[in-house]
Structures are given as structure tokens and as C-alpha cells.
Amino acid sequence: MDGGGGDLRSTIKKWNVIYPVYLNSKKTVAEGRRIAASKACPDPTCIEIADCCSHLKIPHAIELDKAYPRDFFQVGRVRVQLKKDDGSPVNPAIKTILE
């Protein structure tokens, strides 16, 4: 019995994943950082990433029971919905590199 949240979980699975290590300025690209070190921040947490998503009005879900595949001691990730099902942005005020 899933308590009625099964549909929501299947929707969230389609969202993009952000691991804190992707934004960590103390990590190298080989260790998993995905953005420029000058734009990254030191030791971000899932809660901080979720706060930023809330501020930007981006739907998100924190998954504290998940770990970064390259380093299982890096626990937690945030799923974010950047685009709706029709492909339009959730928040049109936020531009991506692909637009």
C-alpha cells in the first residue's frame, strides 16, 4: 500500500537530479563538480539547494535517503522540475543555457 502518493512519486522520478557535489567549489570536476568553480559554493547542502528552489519558485523534492553514486558518504539529493510535461519551463523568468 503506497498511501496514495504513488502517482506523485512516478512524476517526481522524471525530474532532474541535483546532488550537492555538483555545486561544491571544493570538489574537482573529476570528483563530480559540474559547474565552474567560480560559480559554485563551498559545501552546499540539500536543504540549501531546496531553499534556493523555493525562492526561485521551482518545484522540488528532497531525497535524503539517496547517496551520490561515486561517493556513498555524500548523502542526499534534490529533484527539481525545470520543465512541464509539454516542454515549457516551469518558471519562464529563469532562462537555461539551452534557451
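Among the contacts in the chain with a separation of 6 or more, 45% are between residues 24 or more positions apart, a contact being a case of heavy atoms within 4.5 Å. The model is predicted, so local features need pLDDT of at least 70 and side-chain atom pairs count only at pLDDT 80 or more, while totals for chains, interfaces and linings use all residues. Residues are numbered from 1 along each chain as its sequence is written, and side-chain values use heavy atoms, with hydrogens and water left out.

Begin with the whole chain in cartoon view, where two helices and three strands appear, in the order α-β-α-β-β from the N terminus on; helices (H or I, at least four residues) and strands (E, at least two) are DSSP runs, numbered from the N terminus. Of the 99 residues, 26% count as buried, where buried means under 20% relative accessible area, exposed over 50%, and partly exposed in between (1.4 Å probe, protein chains only).

**The tyrosines**

Select Tyr19, Tyr22 and Tyr68 next, which ring pairs link into a cluster. Rings of Phe, Tyr and Trp (its six-membered ring) pair if their centres lie within 6.5 Å, and planes under 30 degrees apart count as stacked, over 60 as edge-to-face and the rest as tilted. A search of the whole structure finds three aromatic pairs. One of them joins Tyr19 and Tyr22, with ring centres 5.5 Å apart and planes at 75°, so this pair is edge-to-face. Tyr19 also forms an edge-to-face pair with Tyr68, at 5.1 Å centre to centre and 65° between the planes. This second pair links distant parts of the chain, 49 residues apart, since Tyr19 belongs to the loop between strand 1 (16-18) and helix 2 (46-55) and Tyr68 to strand 2. Relative accessible areas are 8% for Tyr19, which is buried, 12% for Tyr22, also buried, and 4% for Tyr68, likewise buried.

Keep Tyr22 displayed and add Arg34, whose charged end sits over the ring of Tyr22, 4.2 Å from its centre; the criterion is NZ of Lys or CZ of Arg within 6 Å of the ring centre and within 35 degrees of the ring normal. Arg34 is in the loop between strand 1 and helix 2 and counts as exposed at 61% relative accessibility. The C-alpha atoms of Arg34 and Tyr22 are separated by 4.9 Å, although the two are 12 residues apart along the chain.

**The salt bridges**

Turn now to the three salt bridges found in a search of the whole structure, each a side-chain nitrogen of Lys or Arg within 4 Å of a carboxyl oxygen of Asp or Glu. Selecting Glu63 and Arg77 shows one of them, with the closest N and O atoms 2.4 Å apart. Glu63 lies in strand 2 and Arg77 in strand 3 (residues 71-80), so the pair ties together parts 14 residues apart in sequence. Add Arg79, whose side chain meets that of Glu63 in a salt bridge (3.4 Å, N to O). Glu63 counts as buried at 16% relative accessibility, and Arg79 is buried at 11%. Salt bridges that share partners join Glu63, Arg77 and Arg79 into one network.

For the remaining stop, select Asp43 and Lys26, whose side chains meet in a salt bridge (2.8 Å, N to O). Here Asp43 is partly exposed, with a relative accessible area of 42%, whereas Lys26 counts as exposed at 55%.
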